[in-house]
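Dear colleague,

I am handing over the structure that we spoke about, and I would be grateful if you could look through it with the notes below at your side.

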Amino acid sequence: MRDVAVISWAQSPMVGDAGALNEVELIMPVVQKALADAGLESVQDVDFTCSGSCDYLQGASFAFVSGVDALGAVPPIKESHVEMDAAWALYEAWLKIQMGQADSALVYGFAKSSPGDLPSVLSLQLDPYYLAPLWPDSISLAGLQARAMLDAGVISETDMAEVVVRSRGNARNNANAQLAGDVTIDELLAQPMYVSPLRKHDCCPVSDGASAMVICTVEKARALGHPYAVIKGIDHRIESNNLGARDLTRSVSTEQAAAAAGVAQGPVDIAELHAPFSHQEIILERALGLSEDTRVNLSGGVLAGNLMMAAGLDRIGEVAMRICAGEAGRGVAHATSGACLQQNMVVVLEAE
Amino acid sequence: MAELAAVVGIGQTKYQTKRIDVSIAGLVREAARNALDDAGLDWDDIDAVILGKAPDMFEGVVMPELYLTDALGCNGKPMLRVHTAGSVGGSTAIVAASYVQSGVFKRVLTVSFEKQSESNAMWALSNPQPFSPHLNAGAGGYFAPIIREYMRRSGAPYDVGIKVATKDRKHALRNPNAHLHLEDISMAMVEESPMLWDPIRFLEACPSSDGACSMVIAHESLVGDSPRAPAWIRGTAVRSEPTMYAGREEVNPQAGRDCAADVYKQAGISDPRKDLDCAEVYVPFSWYEPMWLENLGFAPEGEGWKLTMEGVTSLDEGGDTPWNCSGGVLSSNPIGASGMIRFAEAALQVRNDAGEHQVEGAKTALGHAYGGGAQFFAMWIVSADKP
Amino acid sequence: MSEDKTGITMMDAPIYLDYNFTAGSATSRFLHGLKQGVLIGQRCPGCDAVYVPARGSCARCGVATGEDVVLSDKATVESFTIVYIPIPGNPIKPPYIIANVVPDGANISFIHLISECNNEDVRIGQRVQAVWKPESEWTYAMDNIIYFKPIDEADIDPEQIGR
């Protein structure tokens, strides 16, 4: 496999409501910044472009088509789109580089989730005949999972609160974060239940925004003369949509992806985990086999800000930028999709 | 350098207005199972699944790859979902090919589908949005003015579209999977059908279908495991441009011209009409055949209609470069699958397996899909000959 | 309990979702113009093209459109279709004409209705002008313009429309 370098990543501020800005207006600044940070002038300077978004978040078909308006795609560009988190757009671009059809790629994800009711929208990810008509929302399903873990004795409510304390604290150093601050476990446990056993702070916020990244071959990264992080392993797996058929206290597909990506082949200095709910961060730490030496979610993770359809890509960007800054030598990024961590991607990044 | 890959299995469903006998999961599984059977393989032989379909609002299932993972035997494997509007079936096949051509995977399953009967596609395509005039008249309302401009520029006679509509429905009579089987189709019947969006008549527009299409794509090293002749993937290309920008050429889009030039170069095609034995091209409205004949370089600008009228694209008239021998999008249109059907039908032709609609001795074929405001293009060239 | 041997082939599962749409900042300026009875376009700082309605970017250049440009409500027909089929939820009775019209001063067309003429007389290059609702009914909406109607001006050469 060819080593692929992450050379730039730009993220808009994660806000609860981007107000009057539409998708194009959200995308343009991050695309321009990611290209500029990579030392590139325009989208014409990359060989491939791929994006991730979801029509249902904005309530109109072909949401991604307006994304193309933000790029400057004249003359026409080599471009594709996944109706998934942009981490999978990165995967498609990574394949194009592997097969030699591209040496560089722009990847972006965007969502304006504020116009709709996100937990209800995500309910439509379930079986359309048996489950979706009952409208079980994403928070309720995560609640089922947390309850299964508490009852199995694999976590405590204090463990969940600890995740949130760390997220809010780390997010103080993240200028784009939506939620940050000093909180204590006692303060959190004193909060009322939201969707039992989840309290409001156990759930990620809903954020509007966009993110963009430039990846390229290591040879091209060297030529551009920028610091970069190298993708050493990348794999994604999915498991059953039928929650009753899964052990919700584990994430088997994360374990499979971690093994295939080679997480255990070296020390993990940092990890960014796409855990929309506090208890899921604990599941993921275990599935990835992380030790106490690994610093997890230094950005605050998605509990501090959750750009749907870009949050997975953001995890990769966070790890890559810390490696570029010399803060870590080897890190793991994780992205998820679906109810209760149904689909998972694991990326191992290293300094050159 | 890309690894060599070939189509080793092809599976389709029967296309029809409503498949009330199967669920969405049952529909995609039927196509996938047909492809596996065709390839002499089983679910365990597949490394990854790549799924494509057009907007989620067509069925009301958000990111249906999540729901369909069980039906497609994908638990514990990678799943990726592509959406590039009408071109998605083609784009999905190209992404699936890249899984193998990258050397990362040995054998993948790709599926695309639409079950339009479970929702209201017309609504999903033009549900009223605030801040825009409520004039959405479906895809026909968008493309009819572009067709009118083509007619003005080329001076083509009024009945070119009628000829295409008739020719493709005659082709469909040879294809048991086709949705429309109009036994008594004739130019007069098309001409007398009601005008919908002038100059597009009812029989010059594609139907709305349920259906799914699937392929198994294998690495060179595993091609021998499957019994059928492989269709070698000789080139893949995509191009995109914005829907609207000042000075955009809508009749003969640059994205299509560039995409064709790219895929021809990869496959060593210098004269498409001469070097390609047949083509499956995304023609949802009849007039798009002459327009794409020009866009794809089969004819000089302004002269595509002449090829159509001379019968060059007709199997029944013995044309030298038959287009859409399967009946094309004009005869079957499960939107998300329509592009993949073009790609799969091209593969069927080069492995000499297209039954009654086989082009005799076909060795090299083009599969083509487009989407959005004729702004997203996906093409591949497959060949019986190993590169 | 009686056993129904016939298969279940269809079920109703209605989906209701509420969305609060926002127009985007560029389109908002266009809509504010409509409220005043004016068509406002925006100029691309890169290629000078004028977009209407502006949607936030010049899609050619991938940069934000900035400068507002007040446009005439006279326009040229770039192309058109006569629609014969009723569209669900659309109150307009067929056959009617929808056209891509390019307002004077703009480099791009938008879709609107053409009326006050015989459908068969409409042609590419024809000059038309907006017919507005009474001022008291103006709101932040494109249908402040009821339709465009032909005017007595010489046709524009099709190659020059929007140039």
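Please keep in mind while reading that this is a predicted model. A good place to begin is Gly100(A), which comes just after helix H4(A) and takes a positive phi of about 85°. The helix before it, H4 of chain A, runs over residues 86-98 and has 13 residues, and the distance from its first C-alpha to its last is 18 Å, close to the 18 Å expected at 1.5 Å a residue. Is this helix enclosed or open? Since 13 of the 13 residues of H4(A) are buried, the helix is largely enclosed by the rest of the structure.

The next point is the nonpolar core. The largest one has 310 residues, and those with the most contacts inside it are Val6(A), Leu90(A), Val107(A) and Ile215(A). Both domain 1 (4-115 + 205-229) and domain 2 (118-202 + 232-350) of chain A give residues to this core, so it lies between them. If you would like to follow one of these residues by eye, Val107(A) is a useful choice: leaving aside residues up to four places away in sequence, Val107(A) touches Leu90(A) and Ile215(A), and its other partners include Cys50(A), Ala86(A), Met213(A) and Leu313(A).

In chain B, I would draw your attention to strand E7, residues 210-219, which is mostly covered, with ten of its ten residues buried. Asp210(B), Ala212(B), Ser214(B), Val216(B) and Ala218(B) point one way from E7(B), whereas Gly211(B), Cys213(B), Met215(B), Ile217(B) and His219(B) point the other way. Strand E1 of chain B (residues 5-12) pairs with E7(B) in the antiparallel sense over seven bridges, and within this pairing Val7(B) has Ile217(B) as its bridge partner. Strand E4 of chain B (residues 107-115) also runs antiparallel to E7(B), and nine bridges join them; here Lys115(B) has Asp210(B) as its bridge partner.

Finally, there is the place where the chains meet, in which 50 residues of chain B are in contact with 52 residues of chain A. Several elements of chain B each supply at least two residues to the side that touches chain A, among them helix H2 (65-68), strand E3 (79-82), strand E8 (231-240) and helix H8 (254-267). H3(B) gives the most to that side, with five residues. By type, the residues on the side of chain B that touches chain A divide into 25 nonpolar, 17 polar and eight charged.

With best wishes

Methods:
Residues are numbered from 1 along each chain as its sequence is written. Chains are lettered from A and ligands numbered from 1 in the order in which they are written. This is a predicted model: local features need pLDDT of at least 70, side-chain atom pairs count only at pLDDT 80 or more; totals for chains, interfaces and linings use all residues. A nonpolar core is a set of buried Ala, Val, Leu, Ile, Met, Phe, Trp, Tyr and Cys residues joined through C-beta atoms within 7 Å. A residue is buried if 20 or more other C-beta atoms lie within 10 Å of its own, exposed if 12 or fewer, and partly exposed in between; C-beta atoms are placed from the backbone. Domain bounds come from an automatic or database domain assignment. Two residues are in contact if their C-beta atoms, placed from the backbone, lie within 7 Å. Helices (H or I, at least four residues) and strands (E, at least two) are DSSP runs, numbered from the N terminus. Two strands pair if DSSP finds at least two bridges between them. Ala, Val, Leu, Ile, Met, Phe, Trp, Tyr, Cys and Pro count as nonpolar, Asp, Glu, Lys and Arg as charged, and the others, Gly among them, as polar. The expected span of a helix is 1.5 Å times one less than its number of residues.
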